[in-house]
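Please open the model in your viewer and keep the sequence panel visible beside it. The tour below proceeds by selection, with a short account of what is found at each stop.

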Amino acid sequence: PLIPPIFGTDESGWCTEWNPAMSKLTGLKREEVMEKMLLGEVFGTQKKSCCRLKNQEAFVNLGIVLNNAVTSQEAEKVPFGFFTGGGKYVECLLCVSKKLDREGVVTGVFCFLQLASHELQRALHVQRLAERTAVKRLKALAYIKREIRNPLSGIMF
């Protein structure tokens with residue numbers, strides 16, 4: 001439980017790491033994703049992808065983040081979401097850093113997922129429900145206010 005979900009690629013983009021926490025999160029075994037292209041086969045927009053992304057924009061953003069990790073000095077943290085093998089949508093924070101050999105040559109990237117705790121996820125869900133209820137009540141109040149205004153205008157005339 002202390003080790004976060006981790007996956008990684010080599011410099012060519014092939015999946016080289018998929019830890020047990022990632023297997024538990026996605027429902028995909030290590031053998032199912034190893035030696036597949038991370039972009040397209042593991043994370044992609046097609047139905048045949050192991051972990052489907054919401055849209056093409058999410059796919060392009062993931063590619064940019066992975067490329068930036070290889071070329072820049074700093075690790076990058078970005079919001080990230082995908083559908084697991086079971087169809088559940090997971091929202092998390094993706095931390096990407098480059099993997100170096102002894103000579104300092106980039107050999108790939110490591111990606112860590114930071115997930116919100118169940119309590120925080122539940123609190124965010126309740127907050128979203130409360131916001132939706134407030135919007136519905138505001139719309140109803142605006143409708144009642146508009147309907148009352150018309151008869152009052154007639155009486156005042």
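Is R30 buried, exposed or partly exposed? Select the residue to begin: R30 has a relative accessible area of 34%, so it is classed as partly exposed. The model is a predicted one, and this applies to every stop that follows.

**Stop 1: the salt bridge**

Keep R30 selected and add E17. The two residues form a salt bridge, in which the closest N and O atoms are 3.5 Å apart. Side chains of opposite charge can pair when their charged atoms come close. The count of salt bridges in the model comes to 1. The pair links distant parts of the chain, 13 residues apart: E17 belongs to strand β2 (residues 15-18), while R30 belongs to helix α2 (residues 30-33). E17 is partly exposed, with a relative accessibility of 23%.

**Stop 2: two loop residues, K29 and E35**

Select K29 next, in the loop between α1 (20-26) and α2. K29 counts as exposed because its relative accessibility is 55%, and the cut-off for this class is over 50%. Measuring tools in the viewer may be applied to K29 and W18: their C-alpha atoms are separated by 8.2 Å, although the residues are 11 apart along the chain. Once neighbours within four places in sequence are set aside, K29 is in contact with W18 and S23.

Then move to E35, which occupies the loop between α2 and β3. What is the phi angle of E35? Phi is near 65°, a positive value in a residue other than glycine. E35 is exposed, its relative accessible area being 57%.

**Stop 3: helix α3**

Select residues 56-71, which form helix α3. With 16 residues at 1.5 Å a residue, α3 should span 22 Å; the end C-alpha atoms lie 23 Å apart, which agrees.

Which residues of α3 are buried? Colour L62, G63, V65, L66 and A69: these are the buried residues of the helix. Turn the view to look down the axis of α3: the buried residues fall within an arc of 160°, so they line one face of the helix. On the other side of α3, E57 and T71 are exposed.

Now display the strands β3 (43-44), β5 (76-83), β6 (89-100) and β7 (106-114), against which the buried residues of α3 pack.

**Stop 4: along strand β5 and into the next loop**

Within strand β5, select G81. G81 is buried, with a relative accessible area of 11%. Its C-alpha atom is separated by 8.1 Å from that of A58, a residue 23 places away along the chain. Neighbours within four places in sequence aside, G81 is in contact with L53, Y89, V90 and E91.

Proceed to F83, also located in strand β5. At 19% relative accessibility, F83 counts as buried, because the class covers values under 20%. The C-alpha atoms of F83 and L53 are separated by 6.3 Å, with their positions 30 residues apart along the chain. With neighbours within four places in sequence left out, the contacts of F83 include C50, C51, R52, K54, K88 and Y89.

Next select T84, in the loop between β5 and β6. Is T84 buried or exposed? T84 is buried, at 9% relative accessibility. Not counting residues up to four places away in sequence, T84 touches L25, T26 and V90.

**Stop 5: S12 and G108**

Select S12, in the loop between β1 (6-10) and β2. S12 counts as partly exposed, with 48% relative accessibility. Add G108 to the selection: the two residues are 96 apart along the chain, and their C-alpha atoms are separated by 7.6 Å.

**Stop 6: a nonpolar surface patch**

Finally, display the surface and select Y143, I144, I148, L152 and I155. Together these residues make a nonpolar surface patch of about 530 Å². Y143 is placed in helix α4 (residues 118-156). With a relative accessible area of 47%, Y143 is partly exposed.

Definitions and conventions. Residues are numbered from 1 along each chain as its sequence is written. This is a predicted model: local features need pLDDT of at least 70, side-chain atom pairs count only at pLDDT 80 or more; totals for chains, interfaces and linings use all residues. Side-chain values use heavy atoms; hydrogens and water are left out. Patches are made of residues with over 30% relative accessible area and no salt bridge: like charges are joined within 9 Å, nonpolar side chains (Val, Leu, Ile, Met, Phe, Trp, Tyr) within 5 Å. Accessible areas come from the Shrake-Rupley method with a 1.4 Å probe; for residues, only the protein chains shown count as cover. A salt bridge is a side-chain nitrogen of Lys or Arg within 4 Å of a carboxyl oxygen of Asp or Glu. Helices (H or I, at least four residues) and strands (E, at least two) are DSSP runs, numbered from the N terminus. Buried means under 20% relative accessible area, exposed over 50%, partly exposed in between (1.4 Å probe, protein chains only). The expected span of a helix is 1.5 Å times one less than its number of residues. The arc is that of the directions from the helix axis to the C-beta atoms. Contact means heavy atoms within 4.5 Å.
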